[in-house]
Amino acid sequence: MRVTCTVNGSPAVTSDVWEGESLLFVLRERLGLPGSKNACEQGECGSCTVYLDDVVVCACLVAAGQAEGRDVRTVEGIAVRGDGGAGGALDAVQRAFLDAGAVQCGFCTPGLIVATDDLLRRVPAPDDLTVREALAGNLCRCTGYEKILDAVRLAAARRTGGAPEGGAG
Ligand code: FES
Ligand code: FES
């Protein structure tokens, strides 16, 4: 089977796709985009979160064929889109996760960044309960979530102009 879709703004054609192959496998193993992580492959952890036609999905649960003709955006594509910055510079969410110390092993980070990007596009200044609910499907085994909350607050502040781009405050 051949799958033709748009990935991070560019056309992507993948041939010889097996019927049961996931979108996550195609992204990581065929298109060379390892940002989306494969932790559980069962839709439980959120580490594979990507946009499919601007809706967040677990790429491990999406059959590659379902992406035919559709628009996929991964954590790599958030860098390209973010902030209007050029050249794939990190966007405010990605920088905030680094600056807030919300990355330890990093396995959960790409999915959390996509989920946070989605949240802040819908709710630019969310309260903590809204953040917790929005990120409930993204599991982290390392951080205890407080640093992740800090990162989301920082990203929201930066995107709404409430905090400087360079510092953690
Ligand atoms: S790898 Fe897809 S939800 Fe865990
Ligand atoms: S930083 Fe390790 S799982 Fe979140």
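Okay, some vocabulary to begin: when I say buried I mean under 20% relative accessible area, exposed is over 50%, and partly exposed is in between, using a 1.4 Å probe and protein chains only. With that in hand, take Arg30, which is partly exposed at a relative accessible area of 34%.

What you have in front of you is a predicted model, so local features need pLDDT of at least 70, side-chain atom pairs count only at pLDDT 80 or more, and totals for chains, interfaces and linings use all residues. Residues are numbered from 1 along each chain as its sequence is written, chains are lettered from A and ligands numbered from 1 in the order in which they are written, and side-chain values use heavy atoms, with hydrogens and water left out.

Back to Arg30, then. Arg30 makes a salt bridge with Glu21, with 2.5 Å between the closest N and O atoms. By salt bridge I mean a side-chain nitrogen of Lys or Arg within 4 Å of a carboxyl oxygen of Asp or Glu. Glu21, for its part, counts as buried, at 7% relative accessibility. So how many salt bridges does the structure hold? There are 10, and I'll come back to a few of them.

Let's go to the strands. A quick word on naming: helices (H or I, at least four residues) and strands (E, at least two) are DSSP runs, numbered from the N terminus. Strand 1 is residues 3-7, and its side chains alternate. Val3, Cys5 and Val7 point to one face and are buried, while Thr4 and Thr6 point to the other and are not. That's the textbook pattern: in a regular strand the side chains alternate between the two faces of the sheet.

Which strands does strand 1 pair with? Pairing here means that DSSP finds at least two bridges between two strands. One partner is strand 2, residues 10-14, in the antiparallel sense over 5 bridges. Within that pairing, Cys5 has Ala12 as its bridge partner. The hairpin has 2 residues between the strands, and Asn8 there takes a positive phi near 50°. The other partner is strand 5, residues 71-73, this time in the parallel sense over 2 bridges. There, Thr6 is bridged to Asp71.

Just before strand 5 we meet another salt bridge. Arg70 pairs with Asp53, the closest N and O atoms being 3.0 Å apart. Arg70 is in the loop between strand 4 (55-58) and strand 5, and Asp53 is in the loop between strand 3 (49-52) and strand 4, so the pair ties together parts that are 17 residues apart in sequence. Both ends are partly exposed: Arg70 at 29% and Asp53 at 37%.

Now the helices. Helix 4, residues 109-122, has 14 residues and runs 20 Å from its first C-alpha to its last, close to the 20 Å expected. The expected span is 1.5 Å times one less than the number of residues. Is helix 4 enclosed or open? Of its 14 residues, 12 are buried, so helix 4 is largely enclosed by the rest of the structure. Among the buried ones are Leu112, Ile113, Val114 and Asp118. Asp118 is worth a look, buried at 11% relative accessibility. Leaving aside neighbours within four places in sequence, Asp118 is in contact with Tyr51 and Val56, where contact means heavy atoms within 4.5 Å.

Helix 6, residues 146-159, also has 14 residues, and its end C-alpha atoms are 20 Å apart, which agrees with the expected 20 Å. Its buried residues include Ile148, Leu149, Val152 and Leu154. What covers the buried residues of helix 6? The cover includes helix 3, helix 4 and helix 5 (128-134). Just past the end of helix 6, Gly161 takes a positive phi of about 85°.

Helix 6 has a salt bridge of its own, between Asp150 and Arg153, at 2.7 Å from N to O. The two are 3 residues apart, about one turn of the helix. Remember that an α-helix has 3.6 residues a turn, so residues three or four places apart point the same way. Asp150 is partly exposed at 32%, and Arg153 is partly exposed at 36%. Elsewhere, salt bridges with shared partners join Asp91, Asp117 and Arg159 into one network.

Last stop, helix 3, residues 92-99, which holds Leu98. Leu98 is exposed, at 54%. That's me done, thanks.
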